[in-house]
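Got your viewer open? Set the display to cartoon, keep the selection box handy, and we'll walk through a few stops together.

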Amino acid sequence: MSKKYCYLFSEGNAGMRELLGGKGANLAEMTNIGLPVPQGFTITTEACTQYYEDGRIINDEIMAEVKANVEKMEEINGKKFGDLENPLLVSVRSGARASMPGMMDTILNLGLNDDVVAAMIKGNPDPKFERFVYDSYRRFIQMFSDVVMEVGKKYFEQLIDKMKEEKGVKFDVDLTAADLKELAEQFKAEYKKQIGEDFPSDPKVQLYEAIRAVFRSWDNPRANVYRRDNDIPYSWGTAVNVMPMVFGNLNNNSGTGVAFTRDPATGEKKLMGEFLVNAQGEDVVAGVRTPMPIAEMEKQFPQAYKDFVNVCDVLEKHYRDMQDMEFTVENGKLYMLQCRNGKRTAQAALKIACDLVDEGMKTREEAVLMIDPRNLDTLLHPQFDASVIKKAEAIGKGLGASPGAAAGKIVFSADDAESWAERGEKVVLVRLETSPEDITGMKAAQGILTVRGGMTSHAAVVARGMGKCCVSGCGDINMDEEAKQFTLAGKTYHEGDTISIDGSTGNIYDGLIPTVDATIAGEFGRIMKWADSFRTLHVRTNADTPEDARKARELGAEGIGLCRTEHMFFDPIRIAAFREMICADTKEAREAALAKIEPYQQSDFEKLFEALEGYPVTIRFLDPPLHEFVPTEEEDIAALAAAQGKTVDEVKAIIESLKEFNPMMGHRGCRLSITYPEITVMQTQAIIRAAINVTKAHPGFKVLPEIMIPLTCDVKEYDFVKKIVVETADAEIAAGGVEINYLVGTMIEIPRAALLADEIAAKADFFCFGTNDLTQMTFGFSRDDSGKFMNAYYDNKIFENDPFARLDRSGVGKLMDMTIKAGRPVNPKLHVGICGEHGGDPTSVEFCHELGLNYVSCSPFRVPIARLAAAQAAIKNK
Ligand code: PEP
Ligand code: MG
C-alpha cells in the first residue's frame with residue numbers, strides 16, 4: 001500500500017509524533033479532545049524525507065494528496081482559496097518531532113492577492129479593518145518573498161523605512177491603510193525586480209511554494225547547528241502544518257497571546273503569559289507594543305479567558321506536563337493554535353518534575369525521564385544573566401567545550417592571567433591553544449577561549465576537569481599572540497579589552513555580560529536520589545587533585561575512574577623535578593630525579609585516598625609524550641641546565657631529541673614503562689605507600705588502588721609492565737606490614753587491544769576504555785586538530801556529530817562491544833569502565849549502559865549528568 005502523506009487534524013493523535021511532528025501531533029490531539037482548533041492538515045515528516053530523497057522535489061503522489069487535503073480543508077471550513085465571498089487564508093508552519101524553536105520557517109496570511117484583499121475590504125467598511133487587511137497583505141508579501149523566495153528582508157525594510165520617513169512617522173503602527181496599500185504595491189514591484197516574475201497571485205501556487213520552503217528550511221544552516229547541539233538526527237525531517245488563519249488583529253474584540261501553565265523560569269504552578277488586543281502573533285514577539293499580563297485578559301474577554309483557563313487545565317491533565325500554548329481570540333471566540341510541553345530552565349524542570357510526582361500526575365521514573373541531563377550543567381556553573389544574554393549578539397562561535405559563563409578582560413598568556421587575577425582583575429585567557437604550562441593561568445582566569453582544538457583538546461579536557469568555562473576552536477579568530485591582539489568579526493581586540501564567552505553554546509560576545517551564581521534547588525537532590533535508585537551503571541570521576549575529588553564526591557561520584565598522574569606536575573616546583581627526570585641521560589640520573597618526585601606523588605595519592613573515603617581510586621601511569629613537559633622558555637631551559645649540571649646547549653639537544661613526528665602515536669603510555677621501568681617502579685611505590693599510610697590512619701577505609709596501564713596494545717607488553725607493578729607492590733606491602741589489596745588493569749584505547757581483548761583479559765583485573773584515544777586511532781583523526789575540517793563533514797552530511805564528543809556507536813562502539821564480549825568469558829571478574837570524555841555525554845552514557853559497562857567516569861561537574869543519564873538509560877531499557 002502506498003504511504004499516506006497528509007493527515008487532517010481530525011485523523012491524527014499525540015502518539016503520531018514521529019510522523020506528524022510535535023506540532024501536528026498536538027494539533028490533532030487537541031482536536032480529538034474537543035478543543036477549539038482551526039481545522040487544517042499536516043503533511044508528514046516522511047513527505048519531507050521523500051522530498052530530499054527525490055532530489056528536493058515534491059513528487060506527484062505527495063502533491064496529489066496535498067491537493068485533495070486542501071479541498072477537504074476548504075469544505076470543513078466553508079471557505080475557499082481565492083474565493084471573493086469566503087476566502088480561505090492559512091498559516092504554513094514547520095514542525096519537527098523535537099521542537100526546534102525559531103529554526104525553521106513559518107508563513108502567515110497565505111492566500112491573499114489583490115482580488116481577495118479588495119473583496120475583504122468591500123465586505124467590511126470599518127476603516128480599521130481596511131488597515132488590517134492591507135497590513136496583513138504587505139506582511140504576507142514580505143514574508144513570502146523572504147522565506148519562500150529568499151529575497152533578502154532588507155529590501156522590504158528599506159521600503160518601510162522610506163515610507164515612514166516620507167510620512168514623518170516613527171512606528172509601523174502609525175502607517176495608515178493608504179500607506180500600507182501603497183507599500184504592498186511597492187513590495188510586489190520589488191519582488192518582480194528581484195525575481196523577474198510577478199508575485200504569485202494564485203493561493204494554491206503560494207501554498208505549494210510555501211510547503212517546499214518549509215521542507216527546504218530543514219536543511220538551513222541554523223537548523224543544522226541546532227540539531228547537532230541537541231542530538232536531533234537529520235534523517236527525521238520536518239512535517240508541515242497548514243492551518244486556517246484566525247485573526248487576532250480583526251478588531252478590538254480580538255487578540256492573541258502565548259502562555260505557560262507553569263512558570264518556565266521557576267516552575268511555580270501558576271498561569272503565566274502575555275496577551276495583546278487587536279494583534280497578530282508576531283506582534284507579541286516583535287516587541288513593538290507591550291503585551292499585558294495574561295490575567296488582565298479576564299477583564300476584556302471574560303468568556304474567552306474562562307475558556308482558556310479551562311483549556312489549560314484540560315491540557316495539563318491530559319499531557320501531565322507543563323504546557324506552552326499559543327492562542328488567538330477572534331471576535332470574542334478562543335482558538336488554540338499550538339500546545340507543547342514547554343521549554344523550561346533546569347531549575348524549573350526539577351521543580352515541575354517533583355511537583356508532578358507530588359500531585360500524583362507522574363511516577364518517579366517518569367519524573368526522572370523528564371529532565372534533560374545536559375541542562376543540569378547550568379545548575380552547576382555561573383550563568384549569564386538571562387535577560388541580558390537574550391538581547392546580546394554573538395561576535396563569534398567556537399565549540400562549547402566546558403559549560404559556564406565567563407566575562408572579563410582579555411589576556412594572552414597564562415602568566416598575565418595569573419598576575420592580573422592576583423591584582424583582582426577578572427580575565428578571559430585567549431590562546432591559540434593551551435599546553436600544560438598554562439594550567440595555573442587557566443585556573444586564575446574566569447574562562448578560556450582558544451583558536452584551535454576540539455572537544456578533547458588540552459584546554460577542553462582540563463577546563464572541564466576544573467569546572468571552568470571554555471570555548472575552544474574558534475577558527476574565525478585571527479590571532480597575533482606576539483602583538484597581544486586578535487581580530488574577530490571585523491574588530492581588533494587588545495589586551496585589557498573585554499569579552500564574554502558562553503561555554504555551553506560556544507558563543508563569544510563583545511563586552512562584559514553580567515553573570516549570576518548557580519543555585520542548587522532542593523528538588524535537585526530529590527531527583528538525583530530517585531535517579532540513583534534506578535540506575536545500574538556506576539559513576540566515577542576523572543580527578544587528579546583532592547579538591548576535584550572532593551567536589552566529585554559532593555556531586556555523587558562513586559570513585560575515581562581516572563587519575564592522570566601527569567597532571568600532578570603542573571605546579572612550578574614539581575615541574576622542575578619532572579623535567580630533570582625527562583632530560584636525564586642515564587638511569588642513575590633518572591632515578592635521582594624520580595626520588596625527588598616520589599614524595600609529591602605519594603602525598604597526592606594519600607590525599608586522594610582520603611578524599612575518596614574507601615571508594616575505589618584508579619591511578620593511571622604516566623601517559624603523555626614527554627616532550628609536552630620540556631621547557632620552552634630560555635630561562636626555564638637555563639634553570640634546568642643549572643639543576644642538572646649541563647650546558648644550555650646540551651639541554652637543548654636533549655629537548656630536540658625528544659621531538660616526534662606523531663607524538664600522540666609516539667613514545668608515550670606504557671611505552672614509557674618499557675623504556676624506563678624505573679618510572680613504573682616509582683609510581684607503584686608511591687601508590688602502595690600512600691595506600692598503606694591511609695589504611696593505617698583510617699582503619700575504617702577499605703583503600704583499594706586500581707593501577708591502570710595506559711595505551712596497551714599487546715598482552716606481552718602488558719605482562720612486562722604488570723610484572724614490575726606486582727613485584728614492587730608486593731615488596732612494599734610486605735615491608736609496610738599492612739594488608740593492602742590492589743588491582744592491575746589496562747586502558748583499552750588502541751584498536752589492537754580491543755581486537756586481542758581475550759588475551760589481555762586473562763591477565764587484567766579491569767579494562768577502562770580511553771575513548772579519546774580509541775576514537776582518535778579508530779578514525780585516524782587527530783583529537784587536537786580534527787575540529788579544523790569537521791565542519792566540511794557536517795556540511796556534506798557525512799557526520800552529524802563530533803565523534804570526540806559523542807561516542808561513535810557503529811565503529812568505536814563495535815570495538816567496545818567486541819572487547820567486552822571477548823574479555824568477560826575469559827575473566828568473569830573483569831570489570832569494565834570508560835574514562836574518555838564520552839563518559840559524561842548523556843547519549844554516550846546510554847550506550848555504555850546498553851553495552852553493559854560497570855561504570856562511566858567523567859569530570860566532576862559532569863557526575864550528576866552521568867548519574868541522571870544512567871538512570872534514564874536503565875528506565876528506558878527496562
Ligand atoms: C582517553 O584516551 O580516552 C583517555 C581517557 O586518556 P587521555 O585523554 O588522557 O589520553
Ligand atoms: Mg588516552
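**Stop 1: three strands**

Select residues 255-260 and 272-277: these are strands β6 and β7, which pair in the antiparallel sense over 6 bridges. Two strands count as paired if DSSP finds at least two bridges between them, and helices (H or I, at least four residues) and strands (E, at least two) are DSSP runs, numbered from the N terminus. Before you go on: this is a predicted model, where local features need pLDDT of at least 70, side-chain atom pairs count only at pLDDT 80 or more, and totals for chains, interfaces and linings use all residues. Residues are numbered from 1 along each chain as its sequence is written, chains are lettered from A and ligands numbered from 1 in the order in which they are written, and side-chain values use heavy atoms, leaving out hydrogens and water.

Now add residues 292-293, strand β8, which runs antiparallel to β7 and is joined to it by 2 bridges. Click on Glu274 in β7: Val258 stands opposite it. Pro293 in β8 also stands opposite Glu274.

**Stop 2: aromatic pairs**

How many aromatic pairs does the count come to? It comes to 25, taking rings of Phe, Tyr and Trp (its six-membered ring) with centres within 6.5 Å; planes under 30 degrees apart are stacked, over 60 edge-to-face, and the rest tilted. Show Phe578 and Phe629, an edge-to-face pair at 4.9 Å centre to centre with 65 degrees between the planes. This pair links distant parts of the chain, 51 residues apart: Phe578 is in helix α22, and Phe629 is in the loop between β26 and α24. Both Phe578 and Phe629 are buried (under 20% relative accessible area; exposed is over 50%, partly exposed in between, with a 1.4 Å probe and protein chains only).

Next, select Phe789 and Tyr793, a tilted pair with 5.9 Å between centres and 50 degrees between planes. Both lie in helix α32, 4 residues apart, about one turn of the helix. Phe789 is partly exposed at 34%, and Tyr793 is partly exposed at 25%. Add Phe779, Phe781 and Phe799 and you have one aromatic cluster with Phe789 and Tyr793.

**Stop 3: the magnesium ion**

Which protein donors does the magnesium ion (ligand 2) have? They are Glu749 (OE) and Asp773 (OD), lying 2.0 to 2.2 Å from the ion. Donors here are N, O and S atoms within 2.8 Å of the metal (3.2 Å for Na, K and Ca); water is not among the atoms, so sites may look incomplete. Glu749 lies in the loop between β28 and α29 and Asp773 in helix α31, so the pair ties together parts 24 residues apart in sequence. Glu749 is buried at 2% relative accessibility, and Asp773 is buried with a relative accessible area of 2%.
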